[in-house]
Amino acid sequence: MDVRSQPRLRPVAGAVAGTPCPRTEVLWDGSALAVSDNTSGQSVRLMPATLYHYRYEQRVLVSRGKAKTLSVQGLAALDGDGLVLLDLPGEWYVPDVAAFVKSAGLPIVDARGDTSKRVRAVLAGRAPGWRRFRGLRPPFLARYRGPVSIGVGVAGLALMVYLASTGMWAAWRGISMVGRSLLDLLEVKWLAIGFSPLLLVLRPVSARVHRWRADRGLILGSAGGPYLSVLPGEKLQVHRGKEQTPSIEIGEGRRKAASLLLYRYEELAGLFVLDGNGSPLHHLPGGWAPDAVHRFADRHLLRLAVHSISREEYLNLTRNTRDATI
């Protein structure tokens, strides 16, 4: 087959509106999908059973008491059991996708109308060796983010003190508001410390408090990734950055968090929250420290199981979980 005549597919925009378009490309070479990330140089060939065109909503906190809902889009390649082989976040033009799968002879599931919980649950069900191609450049100055943000924060603190000492506090407030708005547009919010110098003190203190709480089993997980906590009224809450997820009541009844399952399936690992009947309520794929999970479960009177599971058990859990954090 002439390379130029091979069906190709590229995203048309970012996974979330207003974000950069990934530089990923999907090509059908007559026998398999050849997928490349033209930013990182990574590539892979695979033969999926199905393509999964998805969209789900993500509720995030933008300020105290104020939240907004983001729509996240992408395309995934699934194996014969519905596990994710490859995840390609981005907006994929529907007519282009339809023409591609028709030419390649691949089945597709259009999940853009499915519930967000169901889509997240499917995407969290990863196959061994799964990958995600984001197709985006690393954040600007990512290597120097820490030193630069601290330096900018010190400079911002000096400027704030100077303006306040000369009676120009209103001028600092104006600079701070304009600066934060500009950073929102430039998507370099990690430099906000320059316009909110108190973050120089609050961030290290917040990280230390988080570790102190984790060491005592009050919360489970690191400050940089997803973590669990228990809210007043005995409700289990999953946190990840500013994302807001529904809380789960703790108890022994149906759809109440009663136990945790820390699992390993081949090279995959993760955590399931189970109800009193053993049904999965929430899936958190990824590594979790067994000692930390034990402290959290013991502190909040949740039963805990830690063991390797078979493919059949893994499929049953991922297919039946009500929600997931991905």
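This passage describes one sheet and two helices in a predicted model.

The sheet is open and has 5 strands. Their order is β17-β14-β15-β16-β18, and the pairing is mixed. Strands β17 (303-308) and β18 (323-324) form the edges, each pairing on one side only. Strands of a sheet pair through backbone hydrogen bonds, in either a parallel or an antiparallel sense.

Strands β14 (257-265) and β15 (268-275) lie next to each other in the sheet order. They run antiparallel and are joined by 8 bridges. Within this pair, Leu260 stands opposite Val273 in β15. The two strands form a hairpin with 2 residues between them. In that turn, Glu266 has a positive phi of about 50°.

A second hairpin links β15 to β16. Here 4 residues lie between the strands, and Gly278 takes a positive phi near 85°. The pairing of β15 and β16 is antiparallel, over 5 bridges. Phe272 stands opposite His283 in β16.

Strand β16 (residues 280-285) also pairs with β18. This pairing is parallel and spans 2 bridges. His283 appears again in this pairing, where it stands opposite Ala324 in β18.

How many residues of β15 are buried? The count is 8 of the 8, so the strand is largely enclosed by the rest of the structure. Burial holds for both faces of β15. Leu268, Gly270, Phe272 and Leu274 point one way. Ala269, Leu271, Val273 and Asp275 point the other way. Phe272, which stands opposite His283, and Val273, which stands opposite Leu260, thus fall in opposite-pointing sets.

Two helices were examined alongside the sheet. Helix α6 (residues 290-299) lies across β14, β15 and the edge strand β17. Its direction makes an angle of about 170° with β14.

Helix α7 spans residues 311-320. Its buried residues include Tyr314, Leu315, Leu317 and Thr318. These four cover an arc of only 170° around the axis, which puts them on the same side of α7. An α-helix has 3.6 residues a turn, so residues three or four places apart point the same way. The buried residues of α7 pack against three strands of the sheet, β14, β15 and β16. They also pack against helix α2 (116-124) and strand β9 (126-132).

Strand β15 thus recurs throughout this description. It pairs with β14 and with β16, α6 lies across it, and the buried residues of α7 pack against it.

How values were computed. Residues are numbered from 1 along each chain as its sequence is written. This is a predicted model: local features need pLDDT of at least 70, side-chain atom pairs count only at pLDDT 80 or more; totals for chains, interfaces and linings use all residues. Side-chain values use heavy atoms; hydrogens and water are left out. Two strands pair if DSSP finds at least two bridges between them. Contact means heavy atoms within 4.5 Å. Axes are lines fitted to C-alpha atoms, for helices over the stretch in contact, and angles run from 0 to 180 degrees between N-to-C directions. Buried means under 20% relative accessible area, exposed over 50%, partly exposed in between (1.4 Å probe, protein chains only). The arc is that of the directions from the helix axis to the C-beta atoms.
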